[in-house]
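Thank you all for making the time this morning. I would like to walk you slowly through one structure, so please look at the sequence and the model together as I speak.

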Amino acid sequence: LSIVVPLYNEAESLAELKAWIDRVLDGRSYEVIFVDDGSRDDSWKVVQQLAEADADHVVGIRMARNYGKSAGLQLGFQAAQGRVVITMDADLQDSPEEIPELERKIIEDGLDLVSGWKKKRHDPLSKTIPTRLYNAATRWVSGIQLNDFNCGLKAYRLEVVKAIEVQGEMHRYIPILAKSAGFDRIGEQVVQHQARKYGSSKFGLERFVNGFLDLM
């Protein structure tokens, strides 16, 4: 298993997230790839400490400046070695408890990609209403019947992440990129959405405008 975690200014949550992943995957062979997207807080220092304490399981990648989530995922995909690759956000809103079932759907059900669906969200209406509109438009354009394209918690067959290139703001459309590359066995899993524990969201309303432009 490769767990790819792109992050930006999430120093408070990283050690807790790593410990949570360790509990869920105890006894397994796995790597956690933290990709620091030019954080301005102590995130990189924490990643270095985690890597020094557990070199067998932690890989740290640091970008020189803030390039965005797509660039972070692309670097993580390039570094990943696991048969199954899981992506998740660093803010503790994605639960590592979902990882075993996501992996099972890739290995046993033969899916290429499994996207999380945050059916019950802990977000304000200013975020949930635009998200529903965005998801409906993406379903209509792509023909892929997912309820939550932009959920950070996803699972991939390794071949998928090696075949696609994520740039700009295209992380929202990874299922479309995968389908275009010939990986059309795409499924969905309802996942828990935790309330944010530390800090504040790093994304503003402009992401929805950018998202629709990218879709066009």
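I will begin with the sheet, move on to the helices that pack on it, and finish with an aromatic pair and a cavity.

Please keep in mind throughout that this is a predicted model. The sheet is an open one of seven strands, and if you follow it across, the strands come in the order 3-2-1-4-6-5-7, with mixed pairing. At its edges you will find strand 3, residues 58–62, and strand 7, residues 186–190, each of which pairs on one side only. From one strand to the next, the twist averages 20°.

Let me pause at strand 1, residues 2–7, which pairs in the parallel sense with strand 4, residues 84–87, over three bridges. To find this place on your screens, you can look for I3, whose bridge partner in strand 4 is I86.

Turning to the helices, helix 1, which covers residues 11–24, packs on the sheet and touches strand 1, strand 2 and strand 3, and its direction makes about 160° with that of strand 2. Helix 2, residues 43–53, lies across strand 1, strand 2 and strand 3 as well, and runs at about 150° to strand 3.

Next, which two residues form the aromatic pair? They are F77 and Y156, set edge-to-face, with 5.5 Å from centre to centre and 70° between the planes. This pair links distant parts of the chain, since F77 sits in helix 3 and Y156 in strand 6, 79 residues apart.

That brings me to the cavity, and here the count comes to one of 30 Å³ or more, with about 80 Å³ of space in the largest cavity. Its lining includes K69, L73, F149, K154, H171 and, once again, Y156. Helix 3, residues 69–79, and strand 6, residues 154–157, each supply at least two residues of that lining. Sorted by class, the lining of the largest cavity has five nonpolar, four polar and two charged residues.

Note on methods: Residues numbered from 1 in each chain as written. Predicted model: local features only at pLDDT ≥ 70, side-chain atom pairs only at ≥ 80, totals over all residues. Heavy atoms only, no water. 1 Å grid on protein atoms, 1.4 Å probe; cavity = no way out; pocket = protein on both sides within 12 Å on 5 of 7 lines; lining within 4 Å. Points joined across faces, edges and corners; volume = space filled by probe spheres on them. Helix = DSSP H or I, 4+ residues; strand = E, 2+ residues; numbered from the N terminus. Nonpolar A, V, L, I, M, F, W, Y, C, P; charged D, E, K, R; others polar. Pairing = 2+ DSSP bridges. Axes fitted to C-alpha atoms, helices over the stretch in contact; angles between N-to-C directions. Contact = heavy atoms within 4.5 Å. Phe/Tyr/Trp six-rings, centres within 6.5 Å; stacked < 30°, edge-to-face > 60°.
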